[in-house]
Amino acid sequence: MRLLLTAFLLALPILATAQSGVSYDAALELGDSEYPALTTQYFGAQFEDEVPFGPYRYTQAIDADGDDGPYGAGTAFDGCSPFENTDEVAGTVALISRGGCAFITKAENAAKAGAIAYIVYNKARGGYDELCIMGGDCDPSICSVPGVFITERSYLSMMANEAARSPITITASFVSSTAAEEWTTAGTYRLNSVYPNPVATTAQVGFTLPTAEDARVEVFDLLGRRVATLTDGLRAAGEHSVTLDAAGLPSGVYVVRLATPSTTLTERATVAR
């Protein structure tokens, strides 16, 4: 199935807020309808600020298997495994379902399939009006195509809209770092800086979840070896704090990672004695 849309630049520096409480920094225009969107301005490749991208058509990405991934049940459209329809996706914008794996995995598979960009729609968790910041830690050479996130309401409207046969143009309008900080804390994922940092004995690691879900907080050294797991299991929506015990860790720099079914966030911690 191949559908098409048009995205337009929102003119205001601080943009309207979706019902989830998260501001958006781009929008998709389809016929007479306009839909809020969030760009991946925090990892991987980026849309150039205020520069139109397109027009291009978009294509529903179909996974080669759709098997369960490390974060839960997969689907045929979640982009968690190599795409089966690469011949259709190549040169278009890949349309991918939320859930099943980290956003950086979806971005990498879209790039490998030859997509020129990708759209993730919020379908896996029933977030009808929820926008989600697509976080992660991925080199732009690997996550080499930019993407946007849209709500389930937008996706369902797009599927039913005959005007979707128009070509798409995506133009981003990035918010300032101060504004980004404000909407990062409002109803979405957040991994706080380790405190205190540097760490001598113990430190606190705070994180926020917008909904109840599995969350894993781990610590890695700079060789990529996991040296500690601070929590791993179902957590309620809201703010949480776990303790990093550095007593057995050599002095040096470490990476603290929060991983959920929908996102991956990282912070650095330095152990010094």
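Pro-198 is in the loop between E11 and E12, two of the strands (E runs in DSSP, at least two residues, numbered from the N terminus, just as helices are H or I runs of at least four). That loop is a good place to start, and the model it belongs to is a predicted one, where local features need pLDDT of at least 70 and side-chain atom pairs count only at pLDDT 80 or more, while totals for chains, interfaces and linings use all residues. Residues are numbered from 1 along each chain as its sequence is written, and side-chain values use heavy atoms, with hydrogens and water left out.

**The chain as a whole**

- You're looking at a protein chain with 17 strands and 4 helices.
- Of its 273 residues, 51% are buried (under 20% relative accessible area; exposed is over 50%, and partly exposed is in between, using a 1.4 Å probe and protein chains only).
- Take the contacts (heavy atoms within 4.5 Å) between residues at least 6 apart in sequence: 67% of them join residues at least 24 apart.

**The loop between E11 and E12**

- This loop runs between strand E11 (190-191) and strand E12 (202-209), and Ala-200 lies in it.
- Pro-196 has its place in the loop between E11 and E12 too, and the peptide bond leading to Pro-196 from Tyr-195 is cis, with omega near -5°.
- Pro-198 also comes after a cis peptide bond, this one from Asn-197, with omega about 15°.
- For background, most peptide bonds are trans.
- Ala-200 is partly exposed, at a relative accessible area of 39%.
- Ala-200 sits 6.0 Å from Val-271, C-alpha to C-alpha, although 71 residues separate the two in sequence.
- Once you set aside neighbours within four places in sequence, Ala-200 touches Ala-272 and Arg-273.

**Helix H2 and what covers it**

- H2 is largely enclosed by the rest of the structure, because 7 of its 10 residues are buried.
- Those buried residues of H2 are Phe-103, Ile-104, Lys-106, Ala-107, Asn-109, Ala-110 and Ala-111.
- Their cover includes strand E7 (93-97), strand E8 (117-121) and E9.
- Right after H2 comes Gly-114, which takes a positive phi of about 90°.
- The backdrop here is that most residues other than glycine have a negative phi.

**Aromatic pairs**

- The structure has 3 aromatic pairs (rings of Phe, Tyr and Trp, the last by its six-membered ring, with centres within 6.5 Å; stacked if the planes are under 30 degrees apart, edge-to-face if over 60, tilted otherwise).
- Phe-53 and Tyr-56 make a tilted pair, because their planes are at 50°, and the ring centres are 5.3 Å apart.
- Tyr-56 counts as partly exposed, with 33% relative accessibility.
- Ring pairs also bring Phe-47 into the picture, linking Phe-47, Phe-53 and Tyr-56 into a cluster.
- Phe-103 and Phe-149 pair edge-to-face, with 6.0 Å centre to centre and 90° between the planes.
- Phe-103 belongs to helix H2 (residues 103-112) and Phe-149 to strand E9 (residues 147-150), so this pair ties together parts that are 46 residues apart in sequence.
- Phe-103 counts as buried, at 0% relative accessibility, and Phe-149 is buried at 0% as well.
- That puts one ring of the pair on H2 and its partner on E9, and E9 is one of the strands covering the buried residues of H2.

**Glu-218**

- Glu-218 is part of strand E13 (residues 213-221).
- Glu-218 is buried, at a relative accessible area of 3%.
- The side chain of Glu-218 makes a polar contact of 3.3 Å with the side chain of Arg-216 (N or O atoms within 3.5 Å; within protein, one must be able to donate a hydrogen and the other to accept it, and residues adjacent in sequence count only through two side-chain atoms).
- Beyond its neighbours within four places in sequence, Glu-218 is in contact with Arg-226, Ala-228 and Thr-229, and also with Val-255, Val-256 and Arg-257.
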